[in-house]
Amino acid sequence: MKKNDSIELVIEDMGTDGEGIGHVATEDGRSIAVFVKDAVMGDTIRAAITKVKKQYVYARLVEVIKPSPYRVEPKCPVARPCGGCTLQHVSYEKQLDYKWNKVKNCLSRIGGIEHPEDLMEPIIGMENPWNYRNKAQFPVGRDKDGKVVTGFYAGRTHTIIDTPHCDIQAEGNDTIIKCVRDFLQEYNISTYDEETHTGLMRHILTRVGFTTGEIMVCLIINGTKLPHADVLVERLRQIDGMTSISININQEKTNRILGDTCKTLWGQDYITDYIGDVKYQISPLSFYQVNPVQTKKLYDKALEYANLQGGETVWDLYCGIGTISLFLSKKAAKVYGVEIVPQAIADAKVNAQINGIENVQFFVGKAEEVLPAEYKEHGVYADVIVVDPPRKGCDETLLLTIADMQPKRMVYVSCDPATLARDVKRMGELGYQVEKVAVVDQFCQGGHVETVCLLSRKAQ
């Protein structure tokens, strides 16, 4: 078996990124797994091998010989090359089934939990799994004819797939992007080239308040000033809901989208939105969940699992701009939030203030440093600890400190089931057991999934 060989296979399963998995027999009688992007469980396909490893093979989908009953026509004409929606060709019911099983398999295989399905609730999906994203980041470039293009990067590349319309973004983004594209073309504003680190316009960031209708546009530039900015501001101002227009300065040679400095060109420095009855101010640099409809369901589940009666002390680690902290504060005696990003903590304090919430306190720093220090030096304790870490999961030091503090319950909000499973296995060794698991489809049409897991102290 070698590169470019043509093979026919039946897709039996789906991998962690939504790719199809089939098996092919080798000459020595072994069965080797073949990973094929854009293939769906139940498809019979023809594929061309792209990479051969010892234990598995990667291949490119060439032809669907017999389509799976789960295969659907993507809504978007560029869904296959674009890296934004990896599952748009899979029926929504099957997407939900795939994500629930993805969490189950991680808890079983990595977490060592027998029969995790007995602990798992049905997945929480969306009634309408389209136009749900309140935030978009569009890279800007030019095609071979010099025309301005905006869109999303093709999977595993930095090639921009020109996307004038996107079905998972908030309605109204098309108008904003067209306005900026036309301006860049008309005034011949240079666009950024990653290889040469030249050109001005890098990305267009938009945010929409789904409850308030407020809109933010932030233009990320490789410079300190946008020529003819007054013209663009005047045009953008005409769009209903426009509330904040700014530039973000990023002159670093980096893949990171946003720089550290924002300058407001017009309007407020932020927009506001609600999750439930809690109001949040959101700046260009704020972390804020991208699917507000599902975020409400996610946080409601975290609050349910925390099971607060009104007298508890709660620590919310990796708290961002205080989204979960403020939710919890309504039913707790005291909430402490910890986050490494200073700007996020500044936003969290403002968010507490505008909601009139006084029983929260926020710390800037790494959760794995702040919590141990507060515990050992000041004797703080917790009845409930909530963690919502990045994809890499929780630091070992943090898990050890949580176990030492012996909270009654730990609520783990996760965006990566593999690191969740690793961490709950470790907490199992430290005296905690998984009680309940909820899976929430926060990223419809894509492969990622959010999970809320309740752990409680084992009886001594």
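Two strands pair if DSSP finds at least two bridges between them. Helices (H or I, at least four residues) and strands (E, at least two) are DSSP runs, numbered from the N terminus. Keep both ideas at hand for the exercises below.

This is a predicted model, in which local features need pLDDT of at least 70 and side-chain atom pairs count only at pLDDT 80 or more, while totals for chains, interfaces and linings use all residues. Residues are numbered from 1 along each chain as its sequence is written, and side-chain values use heavy atoms, with hydrogens and water left out.

**Exercise 1. A hairpin**

Task: Describe how β13 and β14 pair, and find the bridge partner of Tyr274.

Solution:
- Step 1: Strand β13 covers residues 271-275 and strand β14 covers residues 278-282; they pair in the antiparallel sense over 5 bridges.
- Step 2: Look across from Tyr274, and you find its bridge partner Lys279 in β14.
- Step 3: The two strands form a hairpin with 2 residues between them, and Gly276 in the turn has a positive phi of about 65°.
- Step 4: Buried means under 20% relative accessible area, exposed over 50%, and partly exposed in between (1.4 Å probe, protein chains only). In β13, 4 of the 5 residues are buried, so this strand is largely enclosed by the rest of the structure.

**Exercise 2. A barrel**

Task: Work out the order of the strands that close into a barrel.

Solution:
- Step 1: The barrel has 5 strands in the order β1-β2-β3-β5-β4, with mixed pairing.
- Step 2: Axes are lines fitted to C-alpha atoms, for helices over the stretch in contact, and angles run from 0 to 180 degrees between N-to-C directions. On average, neighbouring strands of the barrel sheet are turned by 50° against each other, direction ignored.
- Step 3: Now take one pair: β1 (residues 6-14) and β2 (residues 20-25) run antiparallel and are joined by 3 bridges. Here Ile11 stands opposite Gly22 in β2.

**Exercise 3. An open sheet and its helix**

Task: Name the edge strands of the open sheet of 7 strands, then find the strands touched by α3.

Solution:
- Step 1: Write down the order, β8-β7-β6-β9-β10-β11-β12; the pairing is mixed.
- Step 2: The edges are β8 (160-162) and β12 (261-267), each of which pairs on one side only.
- Step 3: From one strand to the next, the twist averages 35°.
- Step 4: Inside the sheet, β6 (residues 135-142) and β9 (residues 201-208) pair in the antiparallel sense over 5 bridges. Phe138 stands opposite Ile204 in β9.
- Step 5: Contact means heavy atoms within 4.5 Å. Helix α3 packs on the sheet and touches β10 (215-221), β11 (242-249) and β12; its direction makes about 150° with that of β11.

**Exercise 4. Two helix pairs**

Task: Decide whether α2 and α3 are roughly parallel or roughly antiparallel, and do likewise for α7 and α8.

Solution:
- Step 1: Two packed helices are described by the angle between their axes and the distance between the axes.
- Step 2: Angles under 35 degrees count as roughly parallel, over 145 as roughly antiparallel, 65 to 115 as roughly perpendicular and the rest as oblique.
- Step 3: Helices α2 (residues 173-186) and α3 (residues 229-237) pack at about 155°, with their axes 10 Å apart. That makes α2 roughly antiparallel to α3.
- Step 4: On the α2 side the contact includes Ile176 and Phe183, and on the α3 side Val231 and Leu236 are among the residues taking part.
- Step 5: Helix α7 (residues 367-378) and α8 pack at about 30°, with axes 8 Å apart. These two helices are therefore roughly parallel.
- Step 6: Residues making this contact include Leu371, Pro372 and Tyr375 of α7 and Thr401 of α8.

**Exercise 5. Buried or exposed?**

Task: Find out whether Thr401, Gln442 and Gly320 are buried or exposed.

Solution:
- Step 1: Thr401 sits in helix α8 (residues 396-405) and counts as buried at 5% relative accessibility.
- Step 2: Gln442 lies in the loop between β20 (432-440) and β21 (450-457). Gln442 is buried, with a relative accessible area of 0%. Leaving aside residues up to four places away in sequence, Gln442 touches residues including Tyr132, Gln289 and Glu450.
- Step 3: Gly320 is in the loop between β15 (313-317) and α5 (323-329). With a relative accessible area of 6%, Gly320 is buried.
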